[in-house]
Amino acid sequence: KAYVRKLSSLVLEAVSGTLQLQSTQQGDAMDVDSIDLTGSREFLTTETAEEALAPMLQDGASVSRIKFSTKSFGIDAAHVAARAIRNVSSTLKHADMSDIIAGRPEEEALKALEIISEALAEAELDSLDLSDNALGEKGIRACAAVIQKQKNLKHIAFQNVGCSEFGCAAVNELLVHCGNLRSIHLLNNMSGDSGAMSIAKIIERCPLLEDFKMASSRVGEEGGKAIADALAVCGHAMVRIDLHDNPLTDESAESLAKAIKSHPCLKALNLNDIAMEDPGIQIIAESLCAVSKTLEHLELELNSITVEAARDLAAAIHQMENLKVLNVKENELEDDGALEIAKSLLGLKKLEVVDMRTNQIGRGGAVALAKACVTIPSVKELLLDDNEISEAGVDALVEVLKKGKKEDILGSLEDNLADEDDEGGSNEEGHETLDKAVDDIVAALQSEHL
C-alpha cells in the first residue's frame, strides 16, 4: 500500500508539473518574439499552417522576426500566413521568406508569393530575404508589393533565385526606396553583365551601403566595371565586398581598385575565382594599402597568382595589422611566392588562419610559412594540403611547429603530393636560402621589439 501511495503521489506530481508547464507555455505564447519554421520539408495546408503559426495568430501577439524556410506554401497556406503576418505587422521587422514555395506549380507558387508579399507590405521591415525560391522575373514581380512599399529597408537578399538579366532589371525597377539599405546579397544567379548593370544602378542609390555581395552570377568584365564604378561612388561605408566566382578578369582591376580605395573602413574582401591573374592582382594589391589598417578577411583564391604578383601582394599584407584570415589557396605561388607571403606575415599580431593549399609549394616554402606562423601567437590554422612537400619536408615542417609549440595549427596533409625530387642534394642550397631568409627576418623583427 505504501508503494501504491508513493507511486500515486509521483504520478500526481508529474501531471501537476506537466499542466503547470503547459499553462506557462500558453501564457508565454503571446510573448514569443521569433518564429522559425526551419526543419523537415513539408507542404503546408490550411490546418498545418494554422498550427505552425499559432503564436502569430493569437490576439495581442508581438513578433519581430519570422523565418518560414523549408515549409512550402500553396494558396491556402499563404492566406493563413498572410493573416498571421498582418496580425503582427506592427512589430514585425525581419522577414526571412527563403525557400517557401518548393515543389509548387508555377501558377500556385506565384499566387502564394503575391498573397504573402501583400501582407508583408503592411509591416515596416528592416530586412527581407527572398532567397532560394525559384523566382525569376515573374517571381520577383509577384513580390512587388513588399519590395516597393518598404521605405526603411536595411537588408535585402535574392540568393539562388534565378535572378537573370530581366530579374535584375525588375529588382532595380521595384526597389525604389534605397536610402537606408545597408546590405544587398545576390548569389548563384544568372545575371550576366546586363543584370550587373541593373544592380549597379541600385548601388548608386545606396549612400549607406555597408555589405555587398554579387557572387557566382556570371558577371564578366563589363558588368564587373559597372558594379565597381557604382561601389566607388555610393558612399564610404562599405565593410564587406564579395564578388567571388565571376569572370571579371584583369580588365576590371582598375575599377575594383578605385572602389576599394573609396572605402577606408573595409573589413572583408572576397575576390576568389575572378580571373585576375598577376596583372590584375598587382593593381588590386596597390589599392589594398588604402584599407590595410581595417582589413580583417582577405580572400584571393583561384586567381593564377605567381611569385610575380606575390611580391606586390606581400607588401600590402605586411601592413594589415588587423588581418585575421588570409586565403590565397589554389594559385601558383610555389616556394618563392610562399616565401614572399611568409615574410609578409611577420608582425601581424591578430592573424588566425593562413590558407595556402594547392599552390605547388615544396619543403622550402612550407617551412618558411611555418617559421613565420610560430612567431604569431594568434595563429590557429596553417593549411598546406594539396601541395608538393616531400616526406623530409613534412618532417622539417612539423619540427619547426613543435619547437614553436604550435604543432596543433597544421591542417590535414592527406592530399599532399610528396615530391621526392625535393629530397635530394640539388635542392638543399635552395632550402637553406629560404630558411635563412625567414630566420634573418624573424631575428630582425624580434630585435626591433627588444
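Contact is taken here to mean heavy atoms within 4.5 Å. In the predicted model examined here, this criterion brings R363, A366, V367, A370 and K371 of helix 15 together with G393, A396, L397, V400 and L401 of helix 16. The residues that form this contact between helix 15 and helix 16 divide into 7 nonpolar, 1 polar and 2 charged. Two packed helices are described by the angle between their axes and the distance between the axes. For helix 15, which spans residues 363-373, and helix 16, which spans residues 391-403, the axes come within 9 Å and cross at roughly 5°; because angles under 35 degrees count as roughly parallel, helix 15 is described as roughly parallel to helix 16.

With respect to aromatic side chains, the structure holds 1 aromatic pair. The ring centres of F68 and F73 are 5.4 Å apart and the ring planes stand at 25°, so the pair is classed as stacked, given that planes under 30 degrees apart count as such. F68 is buried, its relative accessible area being 0%, and F73, at 0% relative accessibility, likewise counts as buried.

A further site is centred on H263, which is located in the loop between helix 11 (253-261) and strand 11 (268-270). At a relative accessibility of 0%, H263 counts as buried, and a polar atom of the H263 side chain lies 3.2 Å from the backbone nitrogen of M238. When neighbours within four places in sequence are left aside, the residues in contact with H263 are L231, C234, G235, H236, A237, M238 and V291.

Terms used: Residues numbered from 1 in each chain as written. Predicted model: local features only at pLDDT ≥ 70, side-chain atom pairs only at ≥ 80, totals over all residues. Heavy atoms only, no water. Axes fitted to C-alpha atoms, helices over the stretch in contact; angles between N-to-C directions. Helix = DSSP H or I, 4+ residues; strand = E, 2+ residues; numbered from the N terminus. Parallel < 35°, antiparallel > 145°, perpendicular 65-115°, else oblique. Nonpolar A, V, L, I, M, F, W, Y, C, P; charged D, E, K, R; others polar. Phe/Tyr/Trp six-rings, centres within 6.5 Å; stacked < 30°, edge-to-face > 60°. Buried < 20%, exposed > 50% of the residue type's maximum accessible area, 1.4 Å probe, protein only. Polar contact = N/O pair within 3.5 Å; in protein donor to acceptor, adjacent residues only side chain to side chain.
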